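Subject: Structure handover

Hello,

Here is the structure for you to take over. My notes on it follow below.

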Amino acid sequence: MEPQNNLNSAYWSRQYLSGRQGWDIGYPSPAIKAYLDQLTNKNLRILLPGAGKGWEAGYAFREGFSQVYYLDFSPLAVKAFKNIYPEFPEENILGTDFFSLSATFDLIIEQTFFSSLPRSKRNEWADKCYNLLAKGGKIAGLLFNHEFIFDGPPFGGSPKEYLGLLETGFEILTFETAYNSIKPRSEREIFFIVRKK
Ligand SMILES: C[S@@+](CC[C@H](N)C(=O)[O-])C[C@H]1O[C@@H](n2cnc3c(N)ncnc32)[C@H](O)[C@@H]1O
């Protein structure tokens, strides 16, 4: 158990070094893949924050999306991503803290990044997503629909809490139990799409 204010890049690099990566699916998440597959505009500026090994970022790039941005503040995550997807453009790899990023995107993809953050950062996360998105930009992805019995990360939450975070700045387009979660997360994830107001 790690104090929540110690969840810095050194903490995450230690997880990569130790091989403790229970969050890592090892291939593109089916729900995110399905979402990307139905998008027709391949020029969307897409940010994948806290992307880890970056399976979804690599998938999007290989599928022809021309402006995919991988972001993770752990140098070891970045290194692992580069090993898996050596063809991914170097200039689209952002090895920085999400909260200090300054740029504009059309889409932010969420998967196990929100749940990795200290709970005290949740409002800041919602504000940052809002500020990083162009007008009409979207966040799409997955959130755990329950609390965990241990102290995180991952930190869980409730649909009510998430809606409370998102409703001020975003129109809720989809918010439902994911039908295509990976088996160990079946019935435990919300798939959501929200659009910046
Ligand atoms: C639980 S892992 C999830 C990785 C990936 N999304 C996945 O599903 O495999 C969380 C990742 O977020 C990164 N991270 C946590 N806080 C961050 C921050 N403030 N800025 C950038 N990356 C961060 C960590 O380094 C770690 O790689």
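I start with the ligand. It is surrounded by 19 residues, the closest being Y16, G50, D72, Q111 and T112. Please keep in mind throughout that this is a predicted model, and that the values below are computed from it.

Ligand contacts

Two side chains meet oxygen atoms of the ligand. For D72, a polar side-chain atom is 2.6 Å from a ligand oxygen. For T112, the corresponding distance from a polar side-chain atom to an oxygen atom of the ligand is 2.7 Å. The backbone takes part as well: a polar backbone atom of F98 is 2.9 Å from a nitrogen atom of the ligand.

T112 and the loop after β4

T112 deserves a second look. It sits in the loop between β4 and α5 (122–132). Its phi is positive, about 50 degrees, and it is not a glycine. As a general point, most residues other than glycine have a negative phi.

The loop between β4 and α5 also holds S116. S116 counts as buried because its relative accessibility is 11%, and the cut-off for buried is under 20%. A polar atom of the S116 side chain lies 2.7 Å from the backbone oxygen of F113.

A second positive phi occurs at E187, where the value is near 65 degrees, again in a residue other than glycine. E187 belongs to the loop between β6 (170–177) and β7 (189–196). With a relative accessible area of 57%, E187 is exposed, since the class begins over 50%.

The cavity

How many cavities of 30 Å³ or more does a search of the whole structure find? The search gives 1. The space in the largest cavity is about 80 Å³. Its lining is made up of 13 residues, and those nearest the centre are T112, S115, L142, L143 and F144. T112 is therefore on two lists: it is among the residues closest to the ligand, and it is among the lining residues nearest the cavity centre, where the lining rule is an atom within 4 Å of a cavity point.

Strand β5 (residues 133–144) contributes the most to the lining of the largest cavity, with 3 residues. Sorted by class, the lining has 6 nonpolar, 4 polar and 3 charged residues.

Salt bridges

The count of salt bridges is 9. Side chains of opposite charge can pair when their charged atoms come close. I describe three of the pairs here.

D24 and K53 form a salt bridge through their side chains, at 3.6 Å from N to O. This pair links distant parts of the chain, 29 residues apart: D24 is in the loop between α1 (9–18) and α2 (30–37), and K53 is in the loop between β1 (45–49) and α3 (55–62). K53 is partly exposed, at a relative accessible area of 22%.

R45 and D106 are paired in another salt bridge, where the closest N and O atoms are 2.9 Å apart. Here two strands are linked, with R45 in strand β1 and D106 in strand β4 (residues 105–110), 61 residues apart. R45 is partly exposed at 27% relative accessibility, and D106 is also partly exposed, at 21%.

The third pair is E87 with R62, whose closest N and O atoms are 2.6 Å apart. E87 is in the loop between α4 (75–84) and β3 (93–94) and R62 is in helix α3, so this salt bridge ties together parts that are 25 residues apart in sequence. Which of the classes, exposed or partly exposed, does R62 fall into? R62 is exposed, at 52%, while E87 is partly exposed, at 37%.

One more distance

E91 lies in the loop between α4 and β3. At 61% relative accessibility it counts as exposed. The C-alpha atom of E91 is separated by 37 Å from that of E147, and the two residues are 56 apart along the chain.

Regards

Definitions and conventions:
Residues are numbered from 1 along each chain as its sequence is written. This is a predicted model: local features need pLDDT of at least 70, side-chain atom pairs count only at pLDDT 80 or more; totals for chains, interfaces and linings use all residues. Side-chain values use heavy atoms; hydrogens and water are left out. On a 1 Å grid over the protein atoms alone, a cavity is a set of points where a 1.4 Å probe fits but cannot get out, and a pocket is an open set with protein on both sides within 12 Å along at least five of seven lines; lining residues have an atom within 4 Å of a point. Grid points are joined across faces, edges and corners, and a volume is the space filled by probe spheres set on the points. Helices (H or I, at least four residues) and strands (E, at least two) are DSSP runs, numbered from the N terminus. Ala, Val, Leu, Ile, Met, Phe, Trp, Tyr, Cys and Pro count as nonpolar, Asp, Glu, Lys and Arg as charged, and the others, Gly among them, as polar. A salt bridge is a side-chain nitrogen of Lys or Arg within 4 Å of a carboxyl oxygen of Asp or Glu. Buried means under 20% relative accessible area, exposed over 50%, partly exposed in between (1.4 Å probe, protein chains only). A residue is near a molecule or strand if one of its heavy atoms lies within 4 Å of it. A polar contact is a pair of N or O atoms within 3.5 Å; within protein, one must be able to donate a hydrogen and the other to accept it, and residues adjacent in sequence count only if both atoms are side-chain atoms.
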